[in-house]
Amino acid sequence: MTPRKKLQGLVAATITPMTPDGQINLSVIHQYVDYLVSEQNVKNVFVNGTTGEGLSLNIQERKQLAEEWMCQGKDKLDHVIVHVGALSLPESQELARHAAAIGASGIAVIAPFFFKPTDKDELIAFLQKVASEAPAVPFYYYHIPPLTGVKIRVEELLDGIKEQIPTFQGVKFSDTDLLDLAQCINKNETEQFAFLYGVDEQLLSALAVGANGAVGSTYNYLGRKTNLMLQAFAKPDLRLARKYQFLTGEFLNFVIKLGFGVAETKAVMTFVSGIPMGPPRLPLVDASEEFIVKAKAKLESIVWPDGD
Ligand SMILES: CC(=O)N[C@H](C=O)[C@@H](O)[C@H](O)[C@H](O)CO
Ligand SMILES: CC(=O)C(=O)O
């Protein structure tokens with residue numbers, strides 16, 4: 001791992017490969033790392049998050065996955081961020097200590113979502129207890145209100161956060177509220193926080209208000225195209241950047257109408273990369289054959305500006 005460049009650009013939210021009988025399948029992670037680096041030009045990963053079904057795995061499995069990503073990513077990946085959020089504080093702390101022990105480049109935590117924090121102070125208190133178990137590891141808050149139901153605005157959360165969480169380094173922002181994101185960026189200009197956006201279909205809008213990069217499921221298989229969008233934005237060639245966003249959006253709009261979640265992401269990644277991602281874990285169920293046929297045809301029908 002090359003040490004500690006600021007996290008920016010694309011981060012793939014990794015899928016957890018599983019065997020047909022539902023065990024985690026560590027044996028393909030080596031190939032998965034090579035695929036991301038050489039085929040998608042993506043060198044950062046976010047392990048055990050939403051796409052990785054992190055909350056459906058047991059502690060042992062989460063540790064094994066984090067270790068395997070660290071081990072296979074050594075000298076190949078720039079950042080391995082491990083999601084260590086859990087409903088149980090001691091479990092989350094144990095995962096944070098483990099991530100620190102294996103040398104993870106960052107840890108991230110979602111808000112607990114069964115018993116929920118009702119205000120900023122309760123949420124910070126929980127995050128602080130986890131972060132302090134890994135005092136040398138950059139800490140990211142993972143904001144994903146559509147799944148956690150915790151809608152505390154990030155702008156409010158960040159106010160004074162460094163005093164309570166000295167390792168605080170940024171936010172993975174998976175919400176459509178771009179006003180909140182913009183205010184976060186605006187109010188923290190002097191900090192070196194990383195704002196990583198997590199709604200892939202509208203990343204360009206987040207870049208416009210100053211997001212530093214993105215964490216998402218689609219960068220597993222649309223990383224190369226999305227990198228071209230980032231390049232066009234940086235140039236700036238906004239017409240070209242929009243073209244890429246419209247096309248990735250065309251695919252996502254199509255699959256979202258069919259029903260698109262982690263199971264479908266596993267299926268898409270399997271047919272695009274050729275690496276068997278296997279089934280999801282219950283309560284998620286396998287994507288249908290009909291979904292796979294239609295999604296594949298849609299993806300193949302898209303004509304990209306780079307002629308690919
Ligand atoms: C809810 C969810 O899984 N969000 C992902 C990451 O935050 C995104 O990468 C989406 O999968 C993507 O934007 C497609 O909707
Ligand atoms: C999508 C995302 O960022 C995650 O899987 O956590």
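## A predicted model: one helix, two annotated sites and a ligand

Helix α3 runs over residues 89-101, 13 residues in total, and reaches 18 Å from its first C-alpha to its last, close to the 18 Å expected at 1.5 Å a residue. The model that holds this helix is predicted.

### Helix α3

Which residues of α3 are buried? They are Ser92, Leu95, Ala96, His98 and Ala99. These residues cover an arc of only 165 degrees around the axis, so they lie on the same side of α3. A general rule helps in reading such a pattern. An α-helix has 3.6 residues a turn, so residues three or four places apart point the same way.

The buried residues of α3 are covered by other elements. Among them are two helices, α2 (59-73) and α4 (120-131). Strands β3 (79-83) and β4 (106-110) also belong to the cover. After α3 comes Gly103. The phi of Gly103 is positive, near 85 degrees.

### The annotated active site

The UniProt annotation "active site", from an unreviewed entry, covers Tyr142 and Lys172. They span 31 residues in sequence, yet their C-alpha atoms are no more than 4.7 Å apart, so they gather at one spot.

Tyr142 lies in strand β5, residues 139-143. Lys172 lies in strand β6, residues 168-173. Tyr142 is in contact with Lys172. Leaving aside neighbours within four places in sequence, the other contacts of Tyr142 are Gly49, His83, Gly85, Ala108, Val109 and Ile110. On the same basis, Lys172 is in contact with residues including Ala108, Tyr140, His143 and Leu196. Gly198 and Val215 are also contacts of Lys172.

### The annotated binding site

The unreviewed UniProt entry also carries the annotation "binding site", which covers Thr51 and Val215. Although spread over 165 residues of sequence, they cluster in space, with a largest C-alpha distance of 10.5 Å.

Thr51 sits in the loop between β2 (44-47) and α2. Val215 is placed in strand β8, residues 213-216. Residues up to four places away in sequence are not counted in what follows. Thr51 touches Ala13, Thr14, Ile15, Ser217, Val262 and Thr265. Val215 touches Val11, Ala13, Phe46, Lys172, Leu196 and Gly198. The contact between Val215 and Lys172 therefore joins a residue of the "binding site" to one of the "active site".

### Lys266

Lys266 is found in helix α12, residues 262-273. Its contacts, leaving aside neighbours within four places in sequence, are Ile15, Met277, Gly278 and Pro280. Phe193 is 73 residues away from Lys266 along the chain, and their C-alpha atoms are separated by 31 Å.

### Burial of the residues discussed

A residue counts as buried when 20 or more other C-beta atoms lie within 10 Å of its own. The residues in the table are buried, because each count reaches that cut-off.

| Residue | Other C-beta atoms within 10 Å |
|---|---|
| Thr51 | 25 C-beta atoms |
| Tyr142 | 26 C-beta atoms |
| Lys172 | 30 C-beta atoms |
| Val215 | 29 C-beta atoms |
| Lys266 | 25 C-beta atoms |

### Around ligand 1

How many residues are around ligand 1? There are 13, and Ser174, Gly198, Asp200, Gly216 and Ser217 come nearest. The shell divides into 4 nonpolar, 7 polar and 2 charged residues. Two of these nearest residues have appeared above. Gly198 touches Val215, and Ser217 touches Thr51.

How values were computed: Residues are numbered from 1 along each chain as its sequence is written. Chains are lettered from A and ligands numbered from 1 in the order in which they are written. This is a predicted model: local features need pLDDT of at least 70, side-chain atom pairs count only at pLDDT 80 or more; totals for chains, interfaces and linings use all residues. Helices (H or I, at least four residues) and strands (E, at least two) are DSSP runs, numbered from the N terminus. A residue is buried if 20 or more other C-beta atoms lie within 10 Å of its own, exposed if 12 or fewer, and partly exposed in between; C-beta atoms are placed from the backbone. Two residues are in contact if their C-beta atoms, placed from the backbone, lie within 7 Å. The expected span of a helix is 1.5 Å times one less than its number of residues. The arc is that of the directions from the helix axis to the C-beta atoms. A residue is near a molecule or strand if its C-beta atom, placed from the backbone, lies within 6 Å of it. Ala, Val, Leu, Ile, Met, Phe, Trp, Tyr, Cys and Pro count as nonpolar, Asp, Glu, Lys and Arg as charged, and the others, Gly among them, as polar. UniProt positions are given in the numbering used here, feature names are shortened, and annotations may be inferred rather than shown by experiment.
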